[in-house]
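Please walk through this structure with its sheet and its aromatic pairs in mind.

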Amino acid sequence: MDKKISLRAKIQSFGGFLTAMVIPNIGAFMAWGFITALFIPAGWLPNEQLGSLVSPMITYMLPMLVGYTGGDMVGGKRGAIIGTVGTMGIVVGSDIPMLLGAMAMGPLGGYCSKRLDKLLENRLPNGFENIIQNFALGFLGMGLAILGYYFIGPFMLSITNIIAAAIDGLLQTGYLASLALLIEPTRVLFLNNAIDQAIFYQLGMKDALVNGSSVYFMVFASPGPGLGLLLAFCFFGKGMSKKSAPAATIIHFFGGIHEMYFPYVYMRPLMIFPLMLGSAAGIIVFSLMNAGLVAGATPGSIFAFLALTPPGKHLATICGIGAAAIVSFIGCSLLLKISPITEKDEDFSNSKQEVIDTKLEGSNKAYLKAKADIQLSNQSNEQGVDLKNIQFIAFACDAGAGSSALGASRFKKLLKENGVDKDIIVKHFSIENVPKEADLVVIQERLVERANQKVTQPIISIKNYIGDPKLDELINKIKEALS
């Protein structure tokens, strides 16, 4: 069957690709943030010698790591090396941190390296393979570095400057809060990581070099709006939504896994409007109180926000998050009072089809329904999963580091609690990196269409990683199959 992929799924896939270049390097970003917070002149422990690490790390180390990761994703280790060499040309040719340029040059280097190896395959004289390949790779790296220095770097710099000028204009005129119209809709469509890390990290690093901190690190990562929504469901939700909301609140606010509140928006799409109001309120308070973080908070938990807040700005951080939560809570609570949760909405799985039908799936509904509603049997399902011999279950999400990690950890615990002694591997991955060895893939339903482009294994789609009946059903079927 000819499967038409929607624009949303294509954008999600591209966003996931960009995110995958940053996520493995988050530790390096956090290390730079801690060094900045501690040792710059305005930091907690000012130290001129250690503070001298800040500029080289943000100018050279971070873009080079991203370029290396992007090259590796496309062209393996050889591609990673060429991606890094090409990224060096962009870095040296620019006067600002070129994270966005590294996201372009890294994959380009990996692709060119891969094509070069393909071109030389089976065409080299015996005994000269190594020397010719290395010379060819060296010339390719040199060419990309020159290309990056003179052309790609200036081009990416101009794009960055245009975006920065537009957002700075919003900040100077007091309209930065209008970004809330972009933030929450893209967040619940799983595009937040890509936009935050590709654009706002770039702007934030540039701003932090000058001012020591930046509000740009806060606009997408704030846990405030989601906190308000989840608290509203804690008090005014019904059934499964109310029961699962307290645990989701803790994981969202303290763990920084924002995907925890997405299912509640899908169940009540109008919730997007109080979320946008809450996000706007938070941004207004951040701006008025001159709040800022020294680095990107990933994951966006309250702990990360407080750890990356420079001295003297913690009140501004708390007030901004609090304002977003209060406004979002009031708006979501009013919606829940005006339009109470119905019996149909109480079960997360029942709300799935309504959301798919009314929102985004269009002509591809029939295919997605068939893909999402896999029926499991004791021995095997129609897709060929032998539950009696199942060995590897993969949980997948946008970046492979948030909700899928939570889901995998929780599922392993459930297997133990249910006395499933069989050694079943349960791991978490980004959608693009689900290994072929996996027997079954568990994924959030809004990502099923995107996953279909990469995943060939049977898929179980779920609404929520906490209390989703499909996960309980899977556990029970595995127990039955093994009994």
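The paragraphs below take the sheet, then the helices across it, then an aromatic cluster.

This is a predicted model: local features need pLDDT of at least 70, side-chain atom pairs count only at pLDDT 80 or more, and totals for chains, interfaces and linings use all residues. Residues are numbered from 1 along each chain as its sequence is written, and side-chain values use heavy atoms, without hydrogens and water.

Start with the sheet. Its 4 strands are open, ordered 2-1-3-4, with parallel pairing. Strands are DSSP runs of E, at least two residues; helices are runs of H or I, at least four; both are numbered from the N terminus. Strand 2 (425-430) and strand 4 (459-462) each have a single partner strand, so one side of each lacks a neighbour in the sheet. Strands pair if DSSP finds at least two bridges between them. Strand 1 (residues 392-397) and strand 2 share 6 bridges in the parallel sense. Cys397 stands opposite Ser430 in strand 2.

Now the helices. Helix 18 (residues 403-417) lies across strand 1 and strand 2, at about 170 degrees to strand 2. Angles run from 0 to 180 degrees between N-to-C directions of axes fitted to C-alpha atoms, for helices over the stretch in contact, meaning heavy atoms within 4.5 Å.

Last, the aromatics. The whole structure holds 14 aromatic pairs. Rings of Phe, Tyr and Trp (its six-membered ring) pair with centres within 6.5 Å; planes under 30 degrees apart are stacked, over 60 edge-to-face, the rest tilted. Phe29 and Tyr201 have ring centres 5.7 Å apart and planes at 55 degrees, so the pair is tilted. Phe29, Tyr201 and Phe217 form one aromatic cluster.
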